[in-house]
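This briefing concerns two helices of one structure and their surroundings. Please examine the sequence and the model before reading the points below.

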Amino acid sequence: MGPRWLYEFARLRRGAPPVEQERIAWEALTFANGGKGGEGTAWGVRADAAPPPWADVTRVETQLWGEILAPLRDKGTCDATWAGRLRLLQDGTVTAQTVTDQLPFREAFLCQAVAFLREQAERGIRLRFCRRCKNPFAAKRPDAKHCPGTSCRTLAWRQADPVRFRKIRKDAYRRKVSPPSRQAQSTRILDRPRAGDAPSPL
Ligand SMILES: [Zn+2]
């Protein structure tokens, strides 16, 4: 679970295979409890905890979209509730800590989602919505328009400059078919035929 986990979760595949469902359910519970999860870190869930049922996981994704992501994308604003603890430090500073361990799973999850979105600016991450697929993604640049990775950014670029795209694809294909190193090697082998080789038809 990395800092971009919530963005991946927002693209939940309803028909994910059972093994994947269980993994996502555990991750969702970890997120709801404010834990970081992942390898080598504390899961932030009690030892006797059970992952939420898949129906709850899909329902919380629907709520995440309906109550937070879609309003932010379409109106630029959403109502949010927060649960946590304020602390008065000796120097007079008041700090806020999101605490969700007493809340039911879905409430806890949405509260942590609110906290996550509030805190992501401190990590230099912006929330953008892809112009093509409308999904949220974490962006470093304020002018990022398409979600990263394979599909959307590539498709957008391909449409914007089809000629250049085809040329680059063609060049990449040529490199793949005959990489320069292998070409040099095969030439060297051909230059020195072994004794048992069949005579060349040319
Ligand atoms: Zn996209």
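Just after α2, Gly 34 adopts a positive phi of about 80°. Helices (H or I, at least four residues) and strands (E, at least two) are DSSP runs, numbered from the N terminus. The model is predicted: local features need pLDDT of at least 70, side-chain atom pairs count only at pLDDT 80 or more, and totals for chains, interfaces and linings use all residues. Residues are numbered from 1 along each chain as its sequence is written.

**Helix α2**
- The 15 residues of α2 should span 21 Å at 1.5 Å a residue (1.5 Å times one less than the number of residues), and the end C-alpha atoms are 21 Å apart, which agrees.
- Among the buried residues of α2 (20 or more other C-beta atoms, placed from the backbone, within 10 Å of the residue's own) are Ile 24, Leu 29 and Phe 31.
- The cover over the buried residues of α2 includes α1 (5-9), α3 and α4.

**Helix α3**
- The buried residues of α3 are Val 57, Val 60, Leu 64, Ile 68 and Leu 69.
- These buried residues pack against α2 (18-32), α4 (105-119) and β4 (136-139).
- Just after α3, Gly 76 has a positive phi of about 85°.

**Packing of α3 and α4**
- α3 and α4 pack at an angle of about 40°, with their axes 10 Å apart (axes are lines fitted to C-alpha atoms over the stretch in contact, and angles run from 0 to 180 degrees between N-to-C directions).
- That angle makes α3 oblique to α4 (angles under 35 degrees count as roughly parallel, over 145 as roughly antiparallel, 65 to 115 as roughly perpendicular and the rest as oblique).

Key. Buried ≥ 20, exposed ≤ 12 C-beta atoms within 10 Å, placed from the backbone. Contact = placed C-beta atoms within 7 Å.
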